Amino acid sequence: MHIWTPLDCFPPLWISSSVPSCRAVLCGLGLFGDGLCDLAVSCPPGSHDHGLSVSAWRTFFVANEWNEIQTMRKLNPVLQLLLVLLILQVIGVENIASRDLSLMVQPGGEEYTAPWSPILRYGLTASVWLAVGLVQVLFHLVIYERFVEDKIRQFVDLCALSNVSVFILAHRCYGYYIHGRSVHGHADVNMEAIRANLRREEENLCALRGLEPNSDTQTFEVALTERVRQRLDRILLPIKEASVATHQHGGAEGPQEQTTKAYYSMNRFLSSFIEHANKDMDYILKDKLLLERIMKYEFQQPIERTIFYRDPDSIAFSNVLYYGHELTLLLFDTLLFCIIDLGSQDLVLATILTSAVQQVIAALRYYISRHNVSKKTLVDKCFLI
């Protein structure tokens, strides 16, 4: 959790030019905790919109959806525990772990029952847990995501439908970008217009959603140059100073105004960066080499220009979520369950304690995410369900 949570997130939100006096607002606020981001929409100070404004509800909706997928996994933890308990205790597979190597899963009451072998019990329990977990993961990837729902890719679609793009920096100069700029130019429309827009996309009567022309690739791995990162740090500095001033002086208007100005500065910088407007801080798009994908390491360093690596699977950003670390979580649950079972010789107790630990960790992760959204963005807690 310590590795997954310290993220920076900068969300460009694109606004149609049909709304006068409003620019694309990229409320970039560094989030050092969970990768959730400020998706607020507003007009620059001093602009007169003559009663026209941009709805912020789609901003809140995207933030809530991001919160929802924080702890989403490829397997169901409760079903995992129930199936393992069913196989080991109800069916009686645990009886195979006796010292006499008996293969009877349901020995008679009058028959001699040898004591457990710790090594056999551990190996048997771990094998059953991993086998059930792998079956669940395969079912989720092959059946559930194909024919029911795929929440990771649905989040990318939601960003495009909401006209919201998101930068997520997992490290100082490395992260992910979700290109959510709407091909229809605006998202604050009624239901009839949304259906008409989706029909146009289905019939290929409009441009593709990708960052590049004639491309539908919306997600990228990003390697920033040090120059770009330093520019981001300079923009974020007033926000950090405003946060300190707020703690010292309470709800003073000065720090709040300073924070708002920093938001607009980040807004202008990221929008110009995506549009290739900064020639000294430009970027290139390329595919990863086969060896780079296998080793999960980039050979080319971003010295002069930022590098956007195309993500054809649209799930690279899930590496900052539970979803992208299923193997790690599966091994953790396996070790936890086996250790409790070896210590107590009680599968029911191991099931209860493992479930409790899973729920505590998931609740802690969700609490950290929700707290950081409220603390470090313009999305108030009351809008985070």
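Let's start with strand β4, residues 166–169. This is a predicted model, so keep that in mind throughout. Both faces of β4 are covered. On one side sit Val-166 and Ile-168. On the other side sit Phe-167 and Leu-169. Each of these four is buried. As background, side chains in a regular strand alternate between the two faces of the sheet.

Take Leu-169, in strand β4. Its relative accessible area is 1%. The cut-off for buried is under 20%, so Leu-169 counts as buried. Now look along the chain. Leu-169 and Ala-223 are 54 residues apart in sequence. Their C-alpha atoms are separated by 9.3 Å.

Next, the partner strand. What joins β4 to β5? There are 4 bridges, and the two strands run antiparallel. Strand β5 covers residues 174–178. Phe-167 has Tyr-177 of β5 as its bridge partner. The two strands form a hairpin, with 4 residues between them.

Stay on β5. Of its 5 residues, 5 are buried. Tyr-174, Tyr-176 and Ile-178 point one way. Gly-175 and Tyr-177 point the other way. So Tyr-177, the bridge partner of Phe-167, is on the side of β5 shared with Gly-175.

β5 also pairs with strand β6, residues 219–223. Here 5 bridges join the strands, and again the run is antiparallel. Tyr-176 of β5 stands opposite Glu-221 in β6.

On to the helices. Helix α1 is residues 57–68, and helix α4 is residues 151–162. They pack at an angle of about 170°. Their axes are 11 Å apart. An angle over 145 degrees counts as roughly antiparallel, and therefore that is the label for α1 and α4. Their crossing is left-handed.

Who makes the contact? From α1, we have Arg-58, Phe-61, Val-62, Glu-65, Trp-66 and Glu-68. From α4, we have Lys-151, Phe-155, Leu-158 and Ser-162. By class, that gives 5 nonpolar, 1 polar and 4 charged residues.

Pick out Ser-162, in helix α4. Is Ser-162 buried or exposed? Its relative accessibility is 6%, so Ser-162 counts as buried. Set aside the neighbours within four places in sequence. Ser-162 is then in contact with Arg-58, Val-62 and Ala-187. Arg-58 and Val-62 belong to the α1 side of the helix contact.

Second helix pair: α3, residues 118–147, and α9, residues 326–344. The angle is about 150°, and the axes are 10 Å apart. This crossing is right-handed.

The residue list for this contact is as follows. On the α3 side are Pro-118, Arg-121, Tyr-122, Thr-125, Ala-126, Trp-129, Leu-130, Gly-133, Leu-134 and Val-137. On the α9 side are Glu-326, Leu-330, Leu-331, Asp-333, Thr-334, Leu-335, Phe-337, Cys-338, Asp-341 and Leu-342. The class split is 13 nonpolar, 3 polar and 4 charged.

Last topic: backbone angles. In general, most residues other than glycine have a negative phi. Which phi does Ser-314 have? A positive one, about 65°, although Ser-314 is not a glycine. Ser-314 lies in the loop between β8, residues 306–310, and α9. At 17% relative accessibility, under the 20% cut-off, Ser-314 counts as buried.

Gln-345 also has a positive phi, about 55°, and is not a glycine either. Where is Gln-345? In the loop between α9 and α10, the latter being residues 347–376. Its relative accessibility is 38%, so Gln-345 counts as partly exposed.

To recap with three points for the viewer. β5 is joined by bridges to β4 and to β6. The α1 and α4 crossing is left-handed, whereas the α3 and α9 crossing is right-handed. Ser-314 and Gln-345 are the positive phi values to look up.

Definitions and conventions. Residues are numbered from 1 along each chain as its sequence is written. This is a predicted model: local features need pLDDT of at least 70, side-chain atom pairs count only at pLDDT 80 or more; totals for chains, interfaces and linings use all residues. Side-chain values use heavy atoms; hydrogens and water are left out. Buried means under 20% relative accessible area, exposed over 50%, partly exposed in between (1.4 Å probe, protein chains only). Two strands pair if DSSP finds at least two bridges between them. Axes are lines fitted to C-alpha atoms, for helices over the stretch in contact, and angles run from 0 to 180 degrees between N-to-C directions. Angles under 35 degrees count as roughly parallel, over 145 as roughly antiparallel, 65 to 115 as roughly perpendicular and the rest as oblique. A crossing is left-handed if the near helix is turned anticlockwise from the far one by less than a right angle, and right-handed if clockwise. Contact means heavy atoms within 4.5 Å. Ala, Val, Leu, Ile, Met, Phe, Trp, Tyr, Cys and Pro count as nonpolar, Asp, Glu, Lys and Arg as charged, and the others, Gly among them, as polar.
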